[in-house]
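Dear colleague,

Please find below the structure that I am handing over to you. I would be grateful if you would read the notes beneath it with the coordinates open.

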Amino acid sequence: MKKHWWKALGIVLVIYTIVFGFIGEVPRLPILNETIRNLYFHVTMWFAMVILMTASLVYSINYLRNGNLTTDLKAKELAITGFFMASLGLVTGSVWAKFTWGTFWTNDPKLNGTAVTMLIYLAYFVLRGSVDDPQKKGRLSAVYNIFAYVMMIVFIGILPRLTDSLHPGNGGNPGFGGYDLDGTMRIVFYPAVIGWTLIGIWITNLKIRYQKLLWKKNA
Amino acid sequence: MLKMSKYWLGFCAMLFSGMLAAQSKMPEVEMADVMRANGKIYVVVAVVCVLFIGIALYLISIDRKLSKLEKES
């Protein structure tokens, strides 16, 4: 039970998010109305994705140093879970955009940057699938993963801030703190990020263990 | 005389900013107050909680199955 505490913490934090995400007090803003609660569910997907991708990057760099295939496996599975969360973030964002910006997809730099980022990570998976030798595959994809991460930061973290964007905190718009002056949303948002990240790590952990069992079986 | 006008200016500024603040409060933003007032939002919260607990239990069962396999091999 000792090593499972973080899984329980993830479950508890997400349930906390669901309960207080629906019934907690939120700022009253025109156009957004109650949809501001999507912050707890849509935005957290992106935060969790960036955290998982960062972990993937760390494992990729570690793989280049130690050449251990388990390290490479961790980098891959973290990137897959991160990609999954990004897909959920994209779809939920699209629904939200329909009802606040009036369309499922706008040419917002953040949306297009995200689309490019996801294509970059898709290329990472394609690259992995196209090399047979495990060590060669690991080295190539680890180097590519470093580039992919840098591109992700540029496309979703830097470029939208430099140009005009509909997203808060971008293109001169006030950030999250500008809407949440008394911090009532922060006490739900930050635990939500941690909770969803832990759930993401748990799913990744299951997939890594499955792959290891498969290796053992085939060895 | 100069001092007097300074106070007067300050007073006017205060009054004006007060008016502005009052004006910005005017539009009443529509929120789901009624939904919360009759208590039915808790039903939605309960449903989503059940959903998520179901997913969590599923994850736990997969975790256990994997642990069992890991012990066997």
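The notes below cover the overall fold, one helix, one residue and the contact between the chains.

Please bear in mind throughout that this is a predicted model.

Overall fold of chain A

Chain A contains seven helices and zero strands, so that its pattern along the sequence reads α-α-α-α-α-α-α. Along the principal axes, its C-alpha atoms fill a box of roughly 60 × 45 × 25 Å. The radius of gyration of chain A is 19 Å, which agrees with the value near 17 Å that a compact globule of 219 residues would have. Of these 219 residues, 35% are buried. Among the contacts in chain A with a separation of 6 or more, 72% join residues that are 24 or more positions apart.

Helix H5 of chain A

Helix H5 of chain A comprises residues 134-162. Its 29 residues, at 1.5 Å a residue, should span 42 Å, and the end C-alpha atoms are 40 Å apart, which agrees. H5(A) nevertheless bends by about 35° at A:Val154. The buried residues of H5(A) include A:Gly138, A:Ser141, A:Asn145, A:Tyr149, A:Met152, A:Phe155 and A:Pro160. Against which helices do the buried residues of H5(A) pack? Their partners are helix H2 (42-66), helix H3 (69-100) and helix H4 (109-130) of chain A.

The contact between chains A and B

Chain A gives 18 residues to the contact and chain B gives 20 residues. On the side of chain A that touches chain B, the elements giving two or more residues are helix H1 (5-23) and helix H7 (186-218). H1(A) gives the most, with seven residues. By character, this side of chain A divides into 13 nonpolar residues, one polar and four charged.

A:Arg209

A:Arg209 is found in helix H7 of chain A. Is this residue buried, exposed or partly exposed? A:Arg209 counts as partly exposed because 17 other C-beta atoms lie within 10 Å, whereas 20 or more would make a residue buried and 12 or fewer would make it exposed. Leaving aside neighbours within four places in sequence, A:Arg209 is in contact with B:Leu66 and B:Glu70. The C-alpha atoms of A:Arg209 and A:Gly183 are separated by 39 Å, the two residues being 26 residues apart along the chain.

With kind regards

Terms used
Residues are numbered from 1 along each chain as its sequence is written. Chains are lettered from A and ligands numbered from 1 in the order in which they are written. This is a predicted model: local features need pLDDT of at least 70, side-chain atom pairs count only at pLDDT 80 or more; totals for chains, interfaces and linings use all residues. Two residues are in contact if their C-beta atoms, placed from the backbone, lie within 7 Å. Helices (H or I, at least four residues) and strands (E, at least two) are DSSP runs, numbered from the N terminus. Ala, Val, Leu, Ile, Met, Phe, Trp, Tyr, Cys and Pro count as nonpolar, Asp, Glu, Lys and Arg as charged, and the others, Gly among them, as polar. The radius of gyration is taken over C-alpha atoms; the globule rule is 2.2 Å times the number of residues to the power 0.38. The expected span of a helix is 1.5 Å times one less than its number of residues. The bend at a residue is the angle between axes fitted to the seven residues ending there and the seven starting there.
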